[in-house]
Every structure is written in structure tokens, then in C-alpha cells.
Amino acid sequence: MANKEFNPWAMAQSQLDQVAEIIDLDPGIHRVLRLPRRALTVSIPVKMDDGSVQVFEGYRVQHSQTRGPSKGGLRYHQDVTLDEVKALAMWMTWKCAVVGIPFGGGKGGIICNPKEMSEGEVERMTRRFTAEMIMIIGPEVDIPAPDVNTNPQVMAWIMDTYSMNRGYPVPGVVTGKPLDIGGSQGRNEATARGCLFSIQNAVKKKGMKLEGSTVVVQGYGNAGWIAARLLHECGATVLAVSDSRGGIYSKNGLDPVAVLEHKQKTKSVVGFPGTDAVTNEEILGIECDILVPAALENQLTEKTAPAVKAKIVAEAANGPTTPDADRILEEKGVLVIPDILANAGGVTVSYFEWVQSIQEYFWTREEVNVKLKSIMDKAFNEVYDTMESNKVSMRLASYIVAVNRVAEATTLRGIYP
Ligand code: NAD
């Protein structure tokens, strides 16, 4: 999350500036891409269970709608800032472009601590936020999805509120919905599965084998725990995992399902029997083959990156690595699969869900996973080839692919009027 020393928006803009120089981006197009198309700030009054009224601040940012409607998650967290949401929206534009799906980038957030709110309070806040956003969201305009602390139930409330206001069901307004109201098979695990496909490709390129590799996962939510489970199922040993309360380590490896059950009972992975406690900083420096940051931004920094011993870092989280840390990891020869590629499986299956919702024709889980693999493999290879031909990092290569696609679309459409 954003803090005083780290501004994700400044970081996102400086990443774009760097790529603009490499690809000799037209200065006018660069100016367009450097700013969000639209950013809306709303106040959300909510009747709390104790009868009081609290007012929360919420944002929706649409960075680009050049290649299609904007698409991106909705985050509930006490540290959300408008700058963070702007950065996440810009990263979504690049993410959709790098995997070649017809969306631009959007993102939303509400400053709140849902862990201290009842379900009813979260529902009323979600519905009022949807009502405030109603003129700028919709299947053809901007399609929210789950992110940190939001889930299929939150998406169901958004879909219901939007549909009640329209007067008919509009399942295409959100993705990440429960299956019973038009969700897609495979969506829940898509981010982690896409990350697994990226790791499998990276492992092959590095001449390693996933079976027998050692893995560390920071963050044990939707992206992190499922990544740990899938990697474990592929024969990798998950040495350590963590959540916001701390981490656990076992040199013999962890059973991700048993750790999840412990987290469901106790609210944290911490204290899982037979493990040693590690901090969220220490976990990043554990000797392993593959490190998966799957929590929040700003985790691999100038301070923590020097300790990294992994050969591959697969960014399941958005923005976990600062530019300083990027340089340090590059010098160490670590292959960093950047967020806009490594975690693009989530938005790719969101695209599948949107297509299915609009067509009202649903695919099997196998169809979803096969189509996801084909998109992820193609994107990985395009980025890897760009990395080799331009002699740049994989992050820069993914930006080169993505920014070129968005710039080309912007040039073709022209500047209105
Ligand atoms: P989530 O809310 O399900 O899980 C977040 C996890 O991170 C929790 O286990 C939480 O305890 C942990 N965490 C919070 N603060 C932490 C800290 N300081 N150190 C270590 N762990 C901490 O969220 P999620 O959906 O899994 O998202 C995680 C990351 O993945 C985010 O960066 C998100 O933007 C990104 N992402 C998610 C999806 C998706 O489909 N869910 C898609 C793309 C990217």
C-alpha cells in the first residue's frame, strides 16, 4: 500500500517514461498514456450497525478505454489512496494489452477496514458505492472485479445494485461473480493458475524443473494460497508462506491445504504446527528457487531485495517490486516475471467470464483452463523474445509489448475530436 516514501503512481509513470524512451514513443501519445482518462472520487455514507453514520471515501479510475472497456479490481483497505488506484489502473491497461485481451485498465478502491466491519455494513457500503459509480460502470464501459478484501459476494452485490437500477439482470457489469449468477468456471483460481503457467515457462527457459524446486509465497489470500497449492500439486516444495500477521517456515515443506485450514480456523497461517516463525521481510530472503510475492505493493525494495536468493521471482501481486529493487535483482541475475504478465491470468479469465455473461453461454472448466494456458504461453513467449532481442529486463520487455499495442490503437483511433 502507499506510504510516505513510496508513491506507486510516480513509479507507474516513471516505468512508462522509461519505455517511451526505448520505443521512441510519440510525445503526444506519451502525454495521453501518462494520465488516466477519468478518475472519480465519491463519498459513501453508510448506516453502521450501531445506528451511527460513517462516510467512506471511494475511487474509480479509468486509465484507458482505447482497446475496449476498462477493466480492473476493486480494493477495500485502510491504506488505499487515489495515487495507488491510479497506478493500479495504469498497470491494468498494460496487463490487458500484454495478454492481448480487448480491454483498457481501470481500478477502484474504498478507504475502509472491512475486517472491522460487519457483513451488513460492507454490503451497504458496496451498494452505495455502486450507486455513486453507476454512470461510469457497465459491460460496455468499465467492469469491476475482486481485488484485496473483495470477493464474489461483493461482486454479486454490485451486479444486483446495478441490475435493480437498470430494471433487468446485467451479469456483464462485473466479473469474479459467484457461478450461480453468471460467474466463470476457473475464475477463482485463474490468477494463480496463470502465474503457474508463467512459472512453468520460466523454469523451462532457465533449464530448471518445477518438480523438486523450492518455493516461498508471501501473502496467503486468493492469489497466494492457490499459487502455493498449484505449485505443490506440480511437485514443488513450498518452504514458507505468510500473511499480514507473519510467516511460517518448514525445511521439509508445507501442505498448502492444511495451512489454509489452519488459517480459516485461526485467521492466520502463523502458529501452524511444526513450523518456525518468520517475518514478512525475512520470508523474502529465504533460500529457494522460486519466490512468489502475492500480498501487496512495495515488498521487494532497496532494503529487502539484496537478501533475495531465488532464481525466479513471479509477481502474483501488483507492484511488489520497486525500481531500485528491480535493478538489484537484475544485477543478481534473478528472472523477474513482472506482475502485468505473471498475474494476468485473473483478468484473462475475467475476459472469458465477460464474454460468457454477454453471450449467456457457459464453458467448462477444462475449456477455460486450456484457453487460459494458450493466452499465457503466447504472452510469455512474446515478452521473453522481446527481452532477448532488446537486451532488457522482462519487466521492460512486457512494457514494450504492451505500450506499443496501446500506442498503436491510440494512433489508429486518433485524438477525438
Ligand atoms: P487477498 O485479500 O485474497 O489476499 C491478500 C493476502 O495478503 C492476505 O493473506 C493478507 O493477509 C496478506 N497480506 C496483507 N498485507 C500483507 C503484508 N504486509 N505482508 C504479507 N502479507 C500480507 O488478495 P488477493 O486477491 O490474493 O490479492 C493479492 C495481490 O494479488 C494484490 O496485489 C492483488 O492486486 C493481486 N492480484 C489479485 C488478483 C485476483 O484475481 N485476486 C488478480 C491480479 C492481481
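Before the close-ups, a word on names: helices (H or I, at least four residues) and strands (E, at least two) are DSSP runs, numbered from the N terminus. This is a predicted model, where local features need pLDDT of at least 70, side-chain atom pairs count only at pLDDT 80 or more, and totals for chains, interfaces and linings use all residues. Residues are numbered from 1 along each chain as its sequence is written, and side-chain values use heavy atoms, with hydrogens and water left out.

**View A. A cis peptide bond sits between Tyr416 and Pro417.**
Let's start past helix α13 (394-413): Pro417 is found in the segment after it. The bond joining Tyr416 to Pro417 has an omega of about 10°. For background, most peptide bonds are trans.

**View B. Asn298 has a positive phi.**
Look in the loop between β10 and β11 to find Asn298. Its phi is about 65°, although Asn298 is not a glycine. Most residues other than glycine have a negative phi.

**View C. Five strands make an open sheet with mixed pairing.**
Two strands pair if DSSP finds at least two bridges between them. Reading across, the order is β1-β2-β4-β3-β5. At the edges you'll find β1 (38-47) and β5 (142-146), each pairing on one side only. Neighbouring strands here are turned by 25° against each other on average, direction ignored. (Axes are lines fitted to C-alpha atoms, for helices over the stretch in contact, and angles run from 0 to 180 degrees between N-to-C directions.)

**View D. Strands β3 and β4 run parallel, and a helix packs on their sheet.**
Strand β3 (residues 70-77) is joined to strand β4 (residues 104-111) by 6 bridges. Where does His77 find its bridge partner in β4? The partner is Ile111. Helix α3 (residues 82-98) packs on this sheet and touches β1, β2 (53-62), β3 and β4, with contact meaning heavy atoms within 4.5 Å. The direction of α3 makes about 155° with that of β4.

**View E. Seven strands make another open sheet, also with mixed pairing.**
Follow the order β9-β8-β7-β6-β10-β11-β12. Why is one side of β9 (276-278) and of β12 (335-337) left without a neighbour in the sheet? Both stand at the edges with a single partner strand each, so nothing in the sheet flanks their other side. From one strand to the next, the twist averages 20°.

**View F. A hairpin joins β7 to β8.**
Just 2 residues make the link between the two strands. Strands β7 (residues 237-243) and β8 (residues 246-249) run antiparallel, joined by 4 bridges, and Val241 stands opposite Ile248 in β8. Next along, β8 and β9 also pair in the antiparallel sense, over 3 bridges. There, Tyr249 stands opposite Asp276 in β9.

**View G. Strands β10 and β11 pair in the parallel sense.**
This pairing of β10 (residues 290-293) with β11 (residues 312-314) takes in 2 bridges. Ile290 stands opposite Ile312 in β11.

**View H. The ligand has 23 residues around it.**
A residue joins this shell if one of its heavy atoms lies within 4 Å of the ligand. Which ones come nearest? They are Asp147, Thr191, Asn222, Ala223 and Asn318. The shell divides into 8 nonpolar, 10 polar and 5 charged residues. (Ala, Val, Leu, Ile, Met, Phe, Trp, Tyr, Cys and Pro count as nonpolar, Asp, Glu, Lys and Arg as charged, and the others, Gly among them, as polar.)
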